[in-house]
Amino acid sequence: MIPVSRPFLGAEEEAAVVAALRSGWVTQGPRVAEFEKAFAAALGQPEAIAVSSCTTGLHLVLHALGVGRGDEVVVPSLSFIATANSVAHTGATPVFADIDLATYNLDPASTAKAISRRTKAILLVHQVGLPADVAAFRKLARRARVKLIEDAACAIGSQVDGRAVGGDADVAVFSFHPRKLVTTGEGGMIVTRSRALATRLRSLRHHGVSMSDFARHAAGKVVVESYREVGFNYRMTDVQAAVGLVQLGRLEEFIERRQEQGMRYDRAFAKHPALAISQVADHVRFNYQTYLLRLLPGARVTRDVLMQRLLEQGIATRRGVMAAHREPAYKKARLPVPLPATNEADRTAIVLPLYHAMTPAEQDRVIEGVLAAV
């Protein structure tokens, strides 16, 4: 079976885990601090805050920015359901806007129409790792006087004009799930230019404590911590951070390999009249975290039939990015704007296998299977 994805973990990651275990620090400790420093440096941000997942990171940011009951946050429906859930966890309401089918990212015009007097923030997703038009959304956020938060779960290593996605964000959140380029098993990272926000986020991720366990243990005198506000247990462990440090060092290698594979798919499918590939602008570096292919009306099969035919050939696929407003959890959601592009992508998009160790022969099997079916 050719899987959709497979993390690349080797002897260095194994050795790093063993070293962390032997150190005695298995919860949040010195390796988390080191990982935060390395990640911030890689993005050119002054602050990075490690958390237990991208979802908890988004929730933490929304909470820290004062989003709560009675507020609204505009989000794409075409995103993993965690995006909308992070808003719902605060008591606020996720309001769905439509996407641009060329990039699968939020459409500024649709987003503008979805903003109301209750809107507190826009949650901008860099879908499948393809950078969204941040400049347009910054203008929109300033005009509407709302916060702009970047959900960069998939976008580590992607760039716009040579600048890392999230590198100049007010606040952005990344994921280290095993399907991402850099993985810690589970985990996430918040980056921000605000030192005050970073200080509060570090406290909130650890039950609102006044200082970390590591800082308390490292103190040369007895220190009694205090708990300033009701917080959360959203910490990353040193075992995870040890893996993340090694993985972060492999990032450019991972991107180079994925671009090679992604562009190979592009060449195979770009001119087919029944297939649509993602559109990548010249000034953008796409990390190809996920390869999304969309069926056009000329295809001889539906998306689900294509998935079944590939599965019968030993090729795993996934439906394209879900549409949250069509899931039972949000079936009663108010839709202030129409979502035709979202509905089309939800019905016709498919995720093809793409991972570091995938061989040319395996990729040929996928390409041949798709072309034969459509």
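Two strands are regarded as paired if DSSP finds at least two bridges between them. In this predicted model, β12 and β14 (residues 291-295) run antiparallel and are joined by 3 bridges. Within this pairing, A276 has R294 of β14 as its bridge partner. The two strands belong to an open sheet of 4 strands, ordered β12-β14-β16-β15, in which the pairing is antiparallel. The edges of the sheet are occupied by β12 (275-277) and β15 (318-319); each has a single partner strand, so one side of each is left without a neighbour in the sheet.

Two helices pack on this sheet. Helix α10 (residues 251-269) touches β12, β14 and β16 (349-352), and its direction makes about 15 degrees with that of β14. Helix α12 (residues 340-348) touches β14, β15 and β16, with a direction at about 100 degrees to that of β14.

The geometry of α10 was examined further. With 19 residues at 1.5 Å a residue, α10 should span 27 Å, and the distance of 27 Å between its end C-alpha atoms agrees with this expectation. The buried residues of α10 include the nonpolar L251, F254, I255 and F269, but also R257, R258, Q259 and D266. Besides β12, β14 and β16, the buried residues of α10 pack against α9 (238-249), β13 (284-285) and α13 (360-373).

The largest nonpolar core comprises 48 residues, and those with the most contacts inside it are L60, V73, I122, I149, I190 and L201. Helix α3 (residues 54-64) supplies the largest share of this core, namely 6 residues. When residues up to four places away in sequence are not counted, L201 touches I49, L60, V61, A64 and I190. Another core, of 41 residues, lies apart from the largest one and has I2, V284, L306 and I350 among its members. In soluble globular proteins, nonpolar side chains tend to be buried together.

The structure holds 0 disulfides. A disulfide requires cysteine sulfur atoms within 2.5 Å. The closest cysteine sulfur to that of C54 is in C154, at 8.2 Å, which is too far for a bond. Likewise, C154 is in no disulfide, its nearest cysteine sulfur being that of C54. With a relative accessible area of 8%, C54 is buried; C154, with a relative accessible area of 14%, is also buried, because the threshold for burial is under 20%.

Technical notes
Residues numbered from 1 in each chain as written. Predicted model: local features only at pLDDT ≥ 70, side-chain atom pairs only at ≥ 80, totals over all residues. Heavy atoms only, no water. Contact = heavy atoms within 4.5 Å. Axes fitted to C-alpha atoms, helices over the stretch in contact; angles between N-to-C directions. Expected span 1.5 Å × (residues − 1). Buried < 20%, exposed > 50% of the residue type's maximum accessible area, 1.4 Å probe, protein only. Core = buried A, V, L, I, M, F, W, Y, C linked by side-chain atoms within 4.5 Å.
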